[in-house]
Amino acid sequence: MLSRTSTLLAAGLAAGLILAAGAALGEEAPAAGAPGSHSAHPDSADPSGTGRSAGRKDAQLYIGWPTDGAVVGTRFKVWFGLRNFGVAPAGVARDATGHHHILIDTKLAKFDEPIPSDKQHLHFGSGQTETYLELPPGRHTLQLVLGDANHIPHDPPIVSKVVTVTVQARRGSPQVSAR
């Protein structure tokens, strides 16, 4: 798993690449508070006075694999899907975008605060749309929550259905811990 410093560096690099791509197309990055910036858009900055970025009711966040009820090994691939909304790295404030967080064996308690970062709340702040997880044998739940540039869920929140998987150790494979 990447260190926090590596993750922040990757997010910064991704943000720079996005801005550079926009510059190559003749677009300028909007200044904070300028029209087109995340904080100036009346519908996205704070739609209901909650301090949260605007979500969309038609946005669909889902786990494409594994499917609900799947039996997987201790190391397995997870891929994320998103419709009617965009993906942007953490720290990049663009309308109708966010980045993925996987909740493992937990539910999000507060939707008006940044999503915690620990072994049950995994952040994908570089805009990743897939990962590999290593979990111990047993039943586990997975759920995606989209967070804004500051890791705060949107309003309304954009969450996937909960997927339950059964992890089984393969014969001859070492037992792995959840990290």
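**Exercise 1. Confidence.** Determine what mean pLDDT the protein has, and where pLDDT stays under 50.

*Solution.* Step 1. The structure is a predicted model, and its mean pLDDT is 79. Step 2. Of the residues of the protein, 67% reach 70 or more. Step 3. One stretch in which pLDDT stays under 50 comprises residues 1–44; the model has 43 contacts beyond four places in sequence for this stretch. Step 4. Residues 175–179 also stay under 50 in pLDDT, and the model has 13 contacts beyond four places in sequence for them.

**Exercise 2. Overall composition.** State how many helices and strands the protein has, and in which pattern they follow along the sequence.

*Solution.* Step 1. Counting the elements gives 1 helix and 9 strands. Step 2. Reading along the sequence gives the pattern α-β-β-β-β-β-β-β-β-β. Step 3. Of the contacts with a separation of 6 or more, 66% are between residues 24 or more positions apart.

**Exercise 3. Surface and interior.** Find what percentage of the 179 residues counts as buried, and which atoms supply 54% of the exposed area.

*Solution.* Step 1. Buried residues make up 39% of the 179 residues. Step 2. The protein exposes about 10,000 Å². Step 3. Carbon and sulfur atoms supply 54% of this area.

**Exercise 4. An open sheet.** Establish the order of the strands in the open sheet and explain why one side of S1 and of S7 is left without a neighbour.

*Solution.* Step 1. The open sheet is formed by 3 strands in the order S1-S3-S7, with antiparallel pairing. Step 2. Strands S1 (60–65) and S7 (130–134) stand at the edges; each has a single partner strand, so one side of each lacks a neighbour in the sheet. Step 3. From one strand to the next, the twist averages 30°. Step 4. Strand S3 (residues 75–83) and S7 run antiparallel and are joined by 5 bridges. Step 5. Trp-79 stands opposite Glu-130 in S7.

**Exercise 5. The surroundings of His-121.** Decide whether His-121 is buried or exposed, and identify the side chain that a polar contact joins to that of His-121.

*Solution.* Step 1. His-121 lies in strand S6, which comprises residues 121–124. Step 2. The relative accessible area of His-121 is 8%. A residue counts as buried under 20%, so His-121 is buried. Step 3. The side chains of His-121 and Asp-118 are joined by a polar contact of 2.8 Å. Step 4. Beyond four places in sequence, His-121 touches Ile-102, Leu-103, Thr-106, Leu-108, Ile-115 and Pro-116.

Note on methods. Residues are numbered from 1 along each chain as its sequence is written. This is a predicted model: local features need pLDDT of at least 70, side-chain atom pairs count only at pLDDT 80 or more; totals for chains, interfaces and linings use all residues. Side-chain values use heavy atoms; hydrogens and water are left out. Helices (H or I, at least four residues) and strands (E, at least two) are DSSP runs, numbered from the N terminus. Buried means under 20% relative accessible area, exposed over 50%, partly exposed in between (1.4 Å probe, protein chains only). Contact means heavy atoms within 4.5 Å. Accessible areas come from the Shrake-Rupley method with a 1.4 Å probe; for residues, only the protein chains shown count as cover. pLDDT is the predictor's confidence in each residue, from 0 to 100. A polar contact is a pair of N or O atoms within 3.5 Å; within protein, one must be able to donate a hydrogen and the other to accept it, and residues adjacent in sequence count only if both atoms are side-chain atoms. Two strands pair if DSSP finds at least two bridges between them. Axes are lines fitted to C-alpha atoms, for helices over the stretch in contact, and angles run from 0 to 180 degrees between N-to-C directions.
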